[in-house]
Amino acid sequence: MPVYKCDVLDEVGNKKILVREAIDEISLKAFLKRDSYTLVKATIVKEKEPNVFFSVSSKVKITEVTLFLRQFAVMINASISIADALNALKSQKFSKAFLKVIMEVHHDVLSGKLLSVAFAKHKKVFPNFFIQMVAIGEVSGSLDTILTSMADYYENDQKVKKKAKAALVYPTIVLVMVFAIIIFLCFYILPKFETMFAEFDGEIPKITQVIFNISHFIRTNAFIIFLLLGAIVLLCTIYFKFFKIGKYHLDYLKLHLPIIGKVNRAVITSRFTSAFIILLRSGMNITDCLENLTRILGNQVFAKKFEYCIDEVKRGKRIAKSIENTNIFPKMLTEMINVGEKTGNLEEVLSATSSYFTSQVEVSISKATATIEPVTILLLGGVVAVVLLAVYIPMISLMGSIN
C-alpha cells in the first residue's frame, strides 16, 4: 500500500505538507478533497508490503468473495456499522483462508484504517475494481449504494463466467476422447492388424501404410512425445502467466481466435457497460470513470486501445466518437452512448442497454457452442473413419484374394 508525501493547499490557499496512505493517486486526491485540501503534488515515500501471514489469500474462491460482498452490502444498507458488520461476518461459514482475511480487515478497521485501505492489503482476494469503488463510496458517502451495486456486478460477472466455462466442457471432453482413441488405436488395435497383414504378405495400400507408420512412430517415441508435449504446455503456461509480453499475446489470442474471440468481445462489452454505470452513479467525472475502466476490462489489448479513447476525451472530443475510433465495441454501444451524450442522460441510456449486452453474452456463447460441437464431432468421426478405411480396405482385398 503506497504512502504519499503530499503538497497541498488548504481552503484559504495556505501550503501544507501531509503524509497519507491510499490505494492510488486518484483515491488520494479524492480523500484530500473530502478534507478540503487541493493536491498540488504527490510523491510515494514508501510502499508497504502485504502481510506474508495472509499469503494464503490466493486460495480464496471468487464465489466466497461474492457471497461476502452481498451479505456485507445488506448489513451496511441496514445501517449496521462497518466494524459490526465485519464482526458478524467472521462467524459465517467461509473457508479458513477467507476468515483470516476478514479478521485482518476487521482488525485494521478497528485500528482506524479506511475500509478501502484494509481491503487493499489483500489484492489476491478482493478485485482491484472493487477496492477502487469502496474508496469512492467512502469519499462520496454512498458506501451502501456502492456495495449493493458491486454485489450485483460480481454476481452477474460470475454467472457469465460460469456459462462461458460450461460451453467449453463438451468440446474439451470430445478432444480428450479423440486423444484417448488415438492412443488406444496406436498401442492396441493397429499393431494386431499390422502383424496380421504381415503374415499374409499381402499388398498394403498407401493410406494403410501411412497409418501403420504413424502408429509405429508414436509407439517407438511415446516417451519423447509425451515429454515434449508436457514441456510445451509448461513453457506456454509460464510464458502466458508470468511474462508481461506473454500475457499480452494471450489477450490478443483471446480476441482474435475464431469463435472464442466473439465470446470474449461480448464479455468485455457487458463488463464495460455494467462497470461504467456504477462509476457514473458514484459521481465520478467522465475521465476518471474511463481511467478506472481500463483496469477492469480484463484484457491488455483492449486496455491499450482504450487508452487512446481516454486521451481523446481529455482533449475535448465526445465519448462516443472516441470509443468508435478504437474499433473495440459494437456499433450499437457507440450509438447509444452518442444518444446519451446528446440528451444528457448517459447513465440512463447505459442502464437501459446493460441488460441487452449481458444477454448478448449468452447469445454469443450459444452460437459458439453450436459451432464448436459439430466441429469436434467431425474431428472425432474423421479420425475413426480414416483408421477404419485404412484397416478395412486391405482386409477386403485380402479376403478377395483368398477366395
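How far apart are the end C-alpha atoms of helix α10 (residues 244–256)? Keep that in mind and open the model.

**Before you start**

This is a predicted model, in which local features need pLDDT of at least 70, side-chain atom pairs count only at pLDDT 80 or more, and totals for chains, interfaces and linings use all residues. Residues are numbered from 1 along each chain as its sequence is written, and side-chain values use heavy atoms, with hydrogens and water left out.

Colour by pLDDT, the predictor's confidence in each residue, from 0 to 100. The chain has a mean of 82, and 94% of its residues reach 70 or more. Among the elements, helix α1 (residues 25–34) has the lowest mean, 76, and α9 the highest, 92. Helices (H or I, at least four residues) and strands (E, at least two) are DSSP runs, numbered from the N terminus. Now select residues 48–58. Here pLDDT stays under 50. The model has 16 contacts (heavy atoms within 4.5 Å) beyond four places in sequence for this stretch.

**Stop 1: helix α10**

Select residues 244–256. The end C-alpha atoms of α10 are 19 Å apart. Its 13 residues should span 18 Å at 1.5 Å a residue, so the two values agree. The expected span is 1.5 Å times one less than the number of residues.

Show Gly246, Asp251 and Leu255. These residues of α10 are buried, meaning under 20% relative accessible area; exposed means over 50%, and partly exposed lies in between (1.4 Å probe, protein chains only). What covers the buried residues of α10? The cover includes α9 (222–242), α11 and α13 (300–314).

**Stop 2: the hairpin**

Go to strand β1 (residues 2–9) and strand β2 (residues 15–21). They run antiparallel, joined by seven bridges. Two strands pair if DSSP finds at least two bridges between them. Click Tyr4: Arg20 in β2 stands opposite. Then find Gly13. This hairpin has five residues between the strands, and Gly13 takes a positive phi near 90°.

**Stop 3: helix α2 and the loop after it**

Select residues 62–77. The 16 residues of α2 reach 22 Å from first C-alpha to last, close to the expected 22 Å. Its buried residues include Val65, Phe68, Leu69 and Phe72. Turn on α3, α4, α5, α6 and α7, which are among the elements that cover them.

Step on to Ser79. This residue lies in the loop between α2 (62–77) and α3 (82–89). Its phi is near 70°, a positive value in a residue other than glycine. Ser79 is exposed, because its relative accessible area is 69%.

**Stop 4: the nonpolar core**

A nonpolar core is a set of buried Ala, Val, Leu, Ile, Met, Phe, Trp, Tyr and Cys residues joined through side-chain atoms within 4.5 Å. Which residues have the most contacts inside the largest one? They are Phe126 and Phe306, in a core of 70 residues. The largest share, eight residues, comes from helix α11 (residues 260–281).

Zoom in on Phe126. Leaving out residues up to four places away in sequence, Phe126 touches Val65, Phe68, Phe98, Val101, Val105, Phe119 and Ile131.

**Stop 5: aromatic pairs**

The structure holds 22 aromatic pairs. Rings of Phe, Tyr and Trp (its six-membered ring) pair if their centres lie within 6.5 Å; planes under 30 degrees apart count as stacked, over 60 as edge-to-face and the rest as tilted.

Select Phe98 and Phe126. Their ring centres are 6.2 Å apart and their planes stand at 55°, so the pair is tilted. Phe98 is in helix α4 (residues 96–110), and Phe126 is in the loop between α5 (115–120) and α6 (128–140), 28 residues apart. Both are buried. Add Phe68, Phe72, Phe94, Phe119 and Phe130: ring pairs link these residues with Phe98 and Phe126 into a cluster.

**Stop 6: two long helices**

Select Ile181, in helix α7 (residues 143–200). Ile181 counts as partly exposed because its relative accessibility is 26%. Now find Leu380. The C-alpha atoms of Ile181 and Leu380 are 8.8 Å apart, although 199 residues separate them along the chain. Beyond four places in sequence, Ile181 touches Leu380 and Val384.

Finish at Val363, in helix α16 (residues 346–402). Val363 is partly exposed, because its relative accessibility is 34%. From its C-alpha atom to that of Phe242 is 33 Å, with their positions 121 residues apart along the chain.
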